[in-house]
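Colleague: Please take a close look at the interior of this model. Start with the terms, then work through the parts in detail.

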Amino acid sequence: MPLHRRTLLTGAAALPFARSATGTVRAAEAAAPEAAQPAAPAPAPAPAPREAAPASPATPPPRPGADLEMLPLWPGLPPGGGGPDLDGPAFDESREGVIQSVARPCLMAVRPARPNGTAILIAAGGGYRRIDIGHEALPTAQWLAAQGITAFVFVYRLPGEGWAAGADAPLQDVQRAVRLVRARAKRDGYEPGRIGVVGFSAGGHLMGSAAVRFAARLYEPVDEDDALSARPDAAALIYPVITLRPPFDRTSSRRVLVGEAPTRFATNAYSVELHVRAQSPPTFLAQAADDPVAVVDNCLLMYGALRAADVPTEMHLFERGGHGFALGVPGTPAAAWPGLFLAWARRRGFIRG
């Protein structure tokens, strides 16, 4: 059953899916009325104005997306056990929309006024140490909804937060998320064959993994939804981390997923480009050539692997833009990628209208 985040906020102590919030509200203190003025034959002077009541501290602003419908991924506990305190909130979120301590992964729905039949899941980055939905996922979801696309902000488990499944925890979540969105297609007004993924940075690594490792059996089925395919129908990877292999292995994602001194087996297991197959979905790639974090070789390696497997792909490299440009600063070259993605997706029939 979908949960509404405003309800969750007000019932944080009672509902397990409330996300953490801080701050208190103090009522304004009214000043006591002035004493009555004594009577006099001549007109009395005007009474002194009352002292102004002390101002109340402002109510803390809501976290980004606080009013969105929340859909838990798992009917019970996530597979494998471990993780943050499951008796607390679903996750902790800062006022800027940075998420950590994910105890219960979920989707946040952003619904269009007029659905066009397409749904997209969005994974923000954060080096697998946090999830920056405020900067990347929520603005992208709102932009997609304005195009008629049903968008889902993806809150996934972070491998370094004590999950027994380790680096497979977010992969379990993304497989389950695609299946859950596919299972809801009819009731939510989109087609089960038009479900895509968008990922930024480490979220690009995760959505890239979703696109190439959809057939991997990572958890035991928990309900009938797990009989559905976990394969996305299209993928957009924006300044993604793709490879964990040297010499491009200096990212936070590599350190969190496979450690400081990984084996070759572990490195290869989580390097996305090595798992591309002919069945991988059509993929859109965008990156800045001056990216100092996920260096441009990540996109180049993925593009080469997709071409070798004869998977339809389109890549856009911008001379400047750095890392983390999200939808792009207006007027900069990188701000062109959303329009380029829409044009590509429409040519492929993934987005209609």
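Modeller: Buried means under 20% relative accessible area, exposed over 50%, and partly exposed in between, for a 1.4 Å probe on protein chains only. By that cut-off, Tyr 128 is buried, at 3% relative accessible area. This is a predicted model, in which local features need pLDDT of at least 70 and side-chain atom pairs count only at pLDDT 80 or more, while totals for chains, interfaces and linings use all residues. Residues are numbered from 1 along each chain as its sequence is written, and side-chain values use heavy atoms, leaving out hydrogens and water.

First, the overall picture. The chain has 353 residues, and 51% of them are buried. It holds nine helices and twelve strands (DSSP runs numbered from the N terminus: H or I over at least four residues for a helix, E over at least two for a strand). Take the contacts (heavy atoms within 4.5 Å) with a separation of 6 or more: 77% of them join residues 24 or more positions apart.

Back to Tyr 128. This residue sits in the loop between strand S6 (117–123) and strand S7 (131–132). Its phi is positive, near 65°, and the residue is not a glycine. Tyr 128 also helps line a cavity. A cavity is a set of points on a 1 Å grid over the protein atoms alone where a 1.4 Å probe fits but cannot get out; lining residues have an atom within 4 Å of a point.

The structure holds two cavities of 30 Å³ or more. Tyr 128 belongs to the lining of the second largest, which has a volume of about 30 Å³ (the space filled by probe spheres set on points joined across faces, edges and corners). Besides Tyr 128, the lining takes in Ala 167, Pro 170, Leu 171, His 205, Leu 206, Ser 209, Leu 257 and Tyr 270. Helix H3 (169–183) and helix H5 (202–212) each give two or more residues to this lining. H5 has the largest share, at three residues. By class, seven lining residues are nonpolar, two are polar and none is charged (Ala, Val, Leu, Ile, Met, Phe, Trp, Tyr, Cys and Pro count as nonpolar; Asp, Glu, Lys and Arg as charged; the others, Gly among them, as polar).

The largest pocket has another make-up. Its lining has six nonpolar, eleven polar and six charged residues. A pocket is an open set of points with protein on both sides within 12 Å along at least five of seven lines. This one has a volume of about 400 Å³. Of its 23 lining residues, Ser 201, Thr 251, Ser 252, Val 293 and His 323 lie nearest the centre. H2 and helix H6 (252–258) each give two or more residues. H6 gives the most, with three.

The loop between strand S10 (234–238) and H6 deserves a stop. Pro 247 lies in this loop. A cis peptide bond joins Pro 246 to Pro 247, with omega about 5°. Tyr 239 is in the S10–H6 loop as well. This tyrosine is buried at 0% relative accessible area. Its phi is positive, near 35°, in a residue other than glycine.

Now the core. The largest nonpolar core has 97 residues (buried Ala, Val, Leu, Ile, Met, Phe, Trp, Tyr and Cys joined through side-chain atoms within 4.5 Å). Leu 107, Leu 121, Phe 154, Ile 238 and Phe 341 have the most contacts inside it. Helix H2 (residues 133–146) gives the most to this core, with seven residues. Among the buried residues of H2 are Ile 133, Leu 138, Trp 143 and Leu 144. Glu 136 and Thr 140 of H2 are buried too. After the helix comes Gly 148, with a positive phi near 95°.

Leu 107 shows the packing. Setting aside neighbours within four places in sequence, Leu 107 touches residues including Met 70, Leu 71, Leu 73, Leu 121, Phe 154, Ala 177 and Leu 180. Glu 69 is also in contact with Leu 107.

One more buried site lies in strand S8 (residues 150–155), where Thr 150 is placed. Thr 150 has a relative accessible area of 1% and is buried. Beyond four places in sequence, its contacts include Val 110, Arg 111, Pro 112, Thr 118, Ile 120, Asp 188 and Tyr 190.
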